[in-house]
Amino acid sequence: MNESAALNESGAGLPASSWLEAEAFDANRTLALSSAALEFHVNPWDIMLCLSGTVIACENAIVVAIIFYTPTLRNPMFVLIGSLAIADLLAGMGLILNFAFQYLVSSETISLITVGFLVASFTASISSLLAITVDRYLSLYNALTYFSEKTLHYVHLMLVATWGVSIALGLLPVLGWNCLDDASTCSIVRPLNRTNLTLLATSFFVIFALMLSLYFKICKIVCHHAHQIALQQHFFTTSHYVATKKGVSTLAIILGTFGASWLPFAIYCLVGEREYPPVYTYATLLPATYNSMINPIIYAYRNTEIQRSIYMLFCGCFQTKGSYRSRSPSEV
C-alpha cells in the first residue's frame, strides 16, 4: 500500500482515468501521468478483475448461445435465465474493456462510458435475479395457471422494467452525475459521486430485502405442500423429508451466495470515503463479480434441460428417447 502511494506521488503509478481511483482528481497530475510513462505498472487487482470478467463472459456466452439456439427453452423461466446470462455476459465484457481502456486509452469520456456500462450490466444482473425469484414464487403460488399467457405478460413486463431501470442508472454518470468537475463529491468508485453510489447501494438493499421476503414465502409454500402430501399418504416418508430439506437448502445456498458476494461491497459503498485506500474497494468489489461467475452454475448448468442441450451441442450424437416437456420452476 505504501508502494502504491509512492508511485502516485512520483507520477509513474496507475493511470489517472482508473474508475476505482479513490484520490482527488488533479488535472495537472493527469497531464503529467499521461505524458511521462517510461515505466508501465499494472495493478494486480485490475488483472484479477480482468480474469474474473473473462471467466464470466465465457460461462455466460455458452448459456446465451444454448438458450438462443434451443427451441424447447422458451418458457418464462428460461427467458429470465437468458436475461440473467446476457446481463452477466455484458458485465464480464465490461470488466475486460475497463482493463483494456484503463491501461491503453487514458480518457475521461471512455472512463465514464465504461463505468456506466458496468453499472447498467450489474444492475441488470441483480434485477434479473429478483425477476427469477418472482417467477419461482408465481410458479408455486399460481401453479395451475403458470403456463398461461398472463404469466408470459408478467415476464415481459419484468424484463422491460429490469433493463429500463438498469440502462437509466447506467446513463446517469454519462449524463453528468459524476465527480469529474468537483473532486470533493467523489465516492470510493471514481468517477461516481457519493449520491449516485448511495442510490445504487440502497437499490441493492431493497432488492435483497424483496428476495429474502419472496424466498421465505417460497419456503412456506414448499413446506406446506410437503405437509399436504404427507397427510394424503397418512405419513411423512423419508423421501418427502429429504426433498423438502433439499429444496430449503437450495434456497439458502442461492441467498447465501448472493448476499456473501454483494453485501460487503454494498455496505462499503455506504460507509467508505474517497480518502480510504483503493485496496478496500478492490477487496470488496472482486467478490461481487464472483456472483456473476456463480450465477450460470446455479441457474443454468444445474438445470437438466440445459444440460441436455449442452450434450447435444458438444456431442452431436446425443439422442433423446421419447417425448420431452420443459419443466416449470416449481418442478425444478
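What follows is a short dialogue on reading features of a predicted model.

Q: Let's start with the inside. Which residues of the largest nonpolar core touch the most other members?
A: The core has 65 residues, and those touching the most other members are Ile81, Met211, Tyr215, Phe258, Trp262 and Tyr299. As for where the core comes from, the elements giving two or more residues to it are α3 (44–69), α4 (76–104), α5 (108–141), α6 (149–174), α7 (194–232), α8 (238–271), α9 (278–301) and α10 (304–315).

Q: Take Tyr299, then. What is Tyr299 in contact with, leaving aside its neighbours within four places in sequence?
A: Those contacts are Ile81, Leu84, Leu129, Ile132, Arg136, Tyr215 and Ile254. Ile81 and Tyr215 also appear among the core residues that touch the most other members.

Q: How do I read a helix such as α6? What should its 26 residues span?
A: Count 1.5 Å a residue and the expected span of α6 is 38 Å; the end C-alpha atoms are 38 Å apart, so the two agree.

Q: And which residues of α6 are buried?
A: Start with the general idea: an α-helix has 3.6 residues a turn, so residues three or four places apart point the same way. In α6 the buried ones are Thr151, Val155, Met158, Leu159, Thr162, Ser166, Leu169, Gly170 and Pro173.

Q: How does α5 come out, by length and by burial?
A: For length, the 34 residues of α5 should span 50 Å at 1.5 Å a residue, and with the end C-alpha atoms 49 Å apart, that agrees. For burial, 27 of the 34 residues are buried, so α5 is largely enclosed by the rest of the structure. Look at the start of α5 too: a side-chain oxygen of Ser107 comes within 3.4 Å of the backbone nitrogen of Thr109.

Q: What about backbone geometry: what sign does phi have at Gly176, and which residues does a cis peptide bond join?
A: Most residues other than glycine have a negative phi, and most peptide bonds are trans. Here Gly176, which follows α6, has a positive phi, near 125 degrees. The cis bond joins Arg190 and Pro191, with omega about 15 degrees. You'll find Pro191 in the loop between α6 and α7.

Q: How many disulfides does a search of the whole structure find?
A: One. The disulfide joins Cys179 to Cys186, S to S 2.1 Å. To get its hand, check the torsion about the S-S bond: it is about 85 degrees, so this disulfide is right-handed. Both Cys179 and Cys186 are buried.

Q: Are Cys58 and Cys269 buried or partly exposed?
A: Check the relative accessible area. Cys58 has 47%, so Cys58 is partly exposed, while Cys269 has 8% and is buried.

Q: Where do Thr70 and Asn303 sit, and what do their side chains reach?
A: Thr70 is in the loop between α3 and α4, and it counts as buried because its relative accessibility is 14%. A polar atom of the Thr70 side chain is 2.6 Å from the backbone oxygen of Ile66. Asn303 is in the loop between α9 and α10. With a relative accessible area of 4%, Asn303 is buried, and a polar atom of its side chain lies 2.9 Å from the backbone nitrogen of Glu305.

Q: Last one: which residues does UniProt list as "transmembrane region"?
A: The unreviewed UniProt entry lists several ranges, including 45–70 and 197–216. In the model, residues 45–70 are 96% helix and 0% strand, with end C-alpha atoms 38 Å apart. Residues 197–216 are 100% helix and 0% strand, and there the end C-alpha atoms are 29 Å apart.

Note on methods:
Residues numbered from 1 in each chain as written. Predicted model: local features only at pLDDT ≥ 70, side-chain atom pairs only at ≥ 80, totals over all residues. Heavy atoms only, no water. Core = buried A, V, L, I, M, F, W, Y, C linked by side-chain atoms within 4.5 Å. Buried < 20%, exposed > 50% of the residue type's maximum accessible area, 1.4 Å probe, protein only. Helix = DSSP H or I, 4+ residues; strand = E, 2+ residues; numbered from the N terminus. Contact = heavy atoms within 4.5 Å. Expected span 1.5 Å × (residues − 1). Polar contact = N/O pair within 3.5 Å; in protein donor to acceptor, adjacent residues only side chain to side chain. UniProt positions renumbered as here; feature names shortened; annotations may be inferred. Disulfide = S-S within 2.5 Å.
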